Amino acid sequence: KLACFTQTKSYDVYIAKEPNVFEAMALVHSRVRRVTFGIPDRGMGGLGGAASSSSVDGGVTGIHSLPGTNHHYRAFRFDTSRLQSGGEKIDEMEKHLV
């Protein structure tokens, strides 16, 4: 029965916006291997986008690498500054994402 929990370690997740702290922890529980996102969430980002005054590592919230959890995954941010969608810069679209 333990095998069902370890099988998801081969999954990679690709999303447009950084997951918030709750979604980032759900990904820990899902035991994904990697998460790649484009637009950081400065307010609630759980993979380094949001600053935290209680964080040990200089104010960065990194749910994916908390020392007390039994699973960690790698998180990557791809550069969206050069991408365009329909003539509109991705940075402009960032304002409209919820």
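# Exercises on a predicted model

R33 has a relative accessibility of 37% and therefore counts as partly exposed, since this class lies between under 20% for buried and over 50% for exposed. The structure is a predicted model, and the exercises below start from R33 and its partners before turning to the sheet and to helix α2.

## Exercise 1: a network of charges

Task: Find out how many salt bridges the model has, and state which residues they join into one network.

Solution.

Step 1. Begin with the count, which comes to two salt bridges.

Step 2. Take R33, whose side chain meets that of D12 in a salt bridge with an N to O distance of 2.9 Å. This pair links distant parts of the chain, for D12 belongs to strand β1 while R33 lies in the loop between α2 and β2, 21 residues apart.

Step 3. Now take R34, which also forms a salt bridge with D12, the closest N and O atoms being 2.9 Å apart. Here too distant parts of the chain are linked, with R34 in strand β2 and D12 in strand β1, 22 residues apart.

Step 4. Put the two pairs together: they share partners, and D12, R33 and R34 are thereby joined into one network.

Step 5. Finally, check the accessibility of the other two members. D12 has a relative accessibility of 24% and so counts as partly exposed, and R34, at 30%, also counts as partly exposed.

## Exercise 2: the order of the strands

Task: Determine in which order the strands of the open sheet lie, which of them are edge strands, and which residue stands opposite V35.

Solution.

Step 1. Write down the order, which is β1-β2-β5: three strands form this open sheet, and their pairing is parallel.

Step 2. Look for strands that pair on one side only; these are the edge strands β1, residues 12-17, and β5, residues 74-77. From one strand to the next, the twist averages 20 degrees.

Step 3. Follow strand β2, residues 34-39, to its parallel partner β5, to which four bridges join it. Within this pairing, V35 of the sheet stands opposite A75 in β5.

Step 4. Add the surroundings of T36, a residue placed in strand β2. Leaving aside residues up to four places away in sequence, T36 touches V13, Y14, I15, F76 and F78. Its relative accessibility is 15%, and because buried means under 20%, T36 counts as buried.

## Exercise 3: the two faces of helix α2

Task: Decide which residues of α2 are buried, and explain why they can be said to line one face of the helix.

Solution.

Step 1. List the buried residues of α2, which are A24, L27 and V28.

Step 2. Look down the axis of α2: its buried residues fall within an arc of 105 degrees, so they line one face of the helix.

Step 3. Turn to the face of α2 that points away from this buried side, where the exposed residues F22 and H29 are carried.

Step 4. Examine the N-terminal end of α2, which is capped by N20, a side-chain oxygen lying 2.9 Å from the backbone nitrogen of F22.

## Exercise 4: where helix α2 ends

Task: Describe S30 and R31, and say whether R31 counts as buried or exposed.

Solution.

Step 1. Place the two residues: S30 is found in helix α2, whereas R31 lies in the loop between α2 (21-30) and β2.

Step 2. Consider the backbone of R31, which has a positive phi of about 60 degrees although it is not a glycine. This angle is taken just after α2.

Step 3. Compare each value with its class. R31 has a relative accessibility of 18% and therefore counts as buried, while S30, with a relative accessible area of 36%, is partly exposed.

Step 4. Measure along the sequence and through space, from C-alpha to C-alpha: S30 and H71 are 41 residues apart in sequence but 9.2 Å apart in space.

## Exercise 5: the whole chain

Task: State how many helices and strands the protein chain has, and what share of its residues is buried.

Solution.

Step 1. Count the elements, which come to three helices and seven strands.

Step 2. Read them from the N terminus on, in the order α-β-α-β-β-β-β-β-β-α.

Step 3. Turn to burial: of the 98 residues in the protein chain, 32% are buried.

Step 4. Close with the contacts between residues at least 6 apart in sequence, of which 46% join residues at least 24 apart.

Terms used
Residues numbered from 1 in each chain as written. Predicted model: local features only at pLDDT ≥ 70, side-chain atom pairs only at ≥ 80, totals over all residues. Heavy atoms only, no water. Pairing = 2+ DSSP bridges. Axes fitted to C-alpha atoms, helices over the stretch in contact; angles between N-to-C directions. Buried < 20%, exposed > 50% of the residue type's maximum accessible area, 1.4 Å probe, protein only. Contact = heavy atoms within 4.5 Å. Salt bridge = Lys/Arg side-chain N within 4 Å of Asp/Glu carboxyl O. Arc of directions from axis to C-beta. Polar contact = N/O pair within 3.5 Å; in protein donor to acceptor, adjacent residues only side chain to side chain.
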